[in-house]
Amino acid sequence: MKKIILSVVAIAALAFTTPTFAQKNPMVGGAAMYATKDIVDNAVNSKDHTTLVAAVKAAGLVETLKSAGPFTVFAPTNAAFKKLPAGTVETILKPENKATLTKILTYHVVAGKMTSKDIAKAIKAGNGKAVFTTVAGGKLTASMNGKKLILTDEKGGKSTVTIADVMQKNGVIHVIDTVVMPK
């Protein structure tokens, strides 16, 4: 009887000292996302982010997004880029427009790792809005519409987070449905 009681106590103690493992990352663009890979290594596998990956390469941001970070990336899908006026993507991908492309892409990045829970907490503390400074130096405003996390850019454009909390070894990605634009 003593052995059984000791075993139960040992198991209970183990349950309180064993670290819990985070929930598995969601699939993005039909591909598994791995918390052990960096932002770029995961993004290249998403069929929904081929435009974003091409833009990151054209802007010369691959090494930055492969660095230690951490970064919070609001990653627009191919469909989000298609919402831009005709010819916009082709124009900003040209080498002569690298500075503009870099500004747009870095406007989608915030320094540090902010999960949706962190963002929701900031929104609550800000009485319904949280303003974040992007790597580009612009402001991005987060708010809630019901249970949906909404981003409002400096031009008043809105984007919805469609997949939150895709953990990376150097940060977190939140997939968005519209490209956010700086001033």
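## Exercises on a predicted fold

Just after α3, Gly 60 takes a positive phi of about 75 degrees. Keep that glycine in view as you work through the exercises below, and remember that the model is predicted.

### Exercise 1: helix α3 and its surroundings

Find which residues of α3 are buried, and which elements they pack against.

**Solution.** Begin with the helix itself, which covers residues 50-59. Its buried residues are Thr 51, Leu 52, Val 53, Ala 55, Val 56 and Ala 59. Next, look at the spacing along the helix. An α-helix has 3.6 residues a turn, so residues three or four places apart point the same way. Finally, go outward from the buried residues: they pack against α2, α4, β1, α5, α6 and α7.

### Exercise 2: the partner helix α7

Name the buried residues of α7, then list the contacts of Leu 105 beyond its neighbours within four places in sequence.

**Solution.** In α7 (98-106), the buried residues are Leu 101, Ile 104, Leu 105 and Thr 106. Together they pack against α3, α6 (88-92) and β2 (109-111). Now take Leu 105 and set aside its neighbours within four places in sequence: the contacts are Leu 52, Ala 55, Val 56, Ala 59 and Leu 61. Four of these names should be familiar, since Leu 52, Ala 55, Val 56 and Ala 59 are among the buried residues of α3.

### Exercise 3: two nonpolar cores

Which residues touch the most other members of the largest nonpolar core, and which element gives the most to this core?

**Solution.** The largest nonpolar core has 28 residues, of which Val 73, Leu 105, Ile 173 and Val 179 touch the most other members. At least two residues come from each of α2, α3, β1, α5 (78-82), α6, α7 and β7. Helix α3 gives the most, with four residues. Apart from this core lies another, of 15 residues, which includes Phe 74, Met 114, Ala 130 and Phe 132.

### Exercise 4: Phe 132 in strand β3

Is Phe 132 buried or exposed?

**Solution.** Place the residue first: Phe 132 is in strand β3. Then apply the cut-off, under 20% relative accessible area for a buried residue. Phe 132 has 12% relative accessibility, so this residue counts as buried. Beyond its neighbours within four places in sequence, Phe 132 is in contact with Val 110, Met 114, Ile 119, Ala 122, Gly 138, Lys 139, Leu 140 and Ala 142. Of these, Met 114 is also listed with Phe 132 in the core of 15 residues.

### Exercise 5: following the strands

Trace the pairing from β3 through β4 to β5, noting the turns.

**Solution.** Strands β3 (residues 130-133) and β4 (residues 139-145) pair antiparallel over four bridges, and one of the partnerships joins Val 131 to Thr 141. Five residues separate the two strands of this hairpin, where Gly 137 has a positive phi near 95 degrees. Continue to β5 (residues 148-152), which runs antiparallel to β4 with five bridges. Here Ser 143 has Ile 150 as its bridge partner. The second hairpin leaves two residues between its strands, and Gly 146 in the turn has a positive phi of about 70 degrees.

### Exercise 6: the largest pocket

What is the volume of the largest pocket, and how does its lining divide by residue type?

**Solution.** The volume is about 310 Å³. Of the 28 lining residues, Ile 39, Leu 52, Val 56, Leu 65 and Val 73 are the closest to the centre. Strand β1 gives the most to the lining, with five residues. By type, the lining holds 22 nonpolar residues, six polar and no charged.

Conventions. Residues are numbered from 1 along each chain as its sequence is written. This is a predicted model: local features need pLDDT of at least 70, side-chain atom pairs count only at pLDDT 80 or more; totals for chains, interfaces and linings use all residues. Side-chain values use heavy atoms; hydrogens and water are left out. On a 1 Å grid over the protein atoms alone, a cavity is a set of points where a 1.4 Å probe fits but cannot get out, and a pocket is an open set with protein on both sides within 12 Å along at least five of seven lines; lining residues have an atom within 4 Å of a point. Grid points are joined across faces, edges and corners, and a volume is the space filled by probe spheres set on the points. Ala, Val, Leu, Ile, Met, Phe, Trp, Tyr, Cys and Pro count as nonpolar, Asp, Glu, Lys and Arg as charged, and the others, Gly among them, as polar. Two strands pair if DSSP finds at least two bridges between them. Buried means under 20% relative accessible area, exposed over 50%, partly exposed in between (1.4 Å probe, protein chains only). Contact means heavy atoms within 4.5 Å. A nonpolar core is a set of buried Ala, Val, Leu, Ile, Met, Phe, Trp, Tyr and Cys residues joined through side-chain atoms within 4.5 Å.
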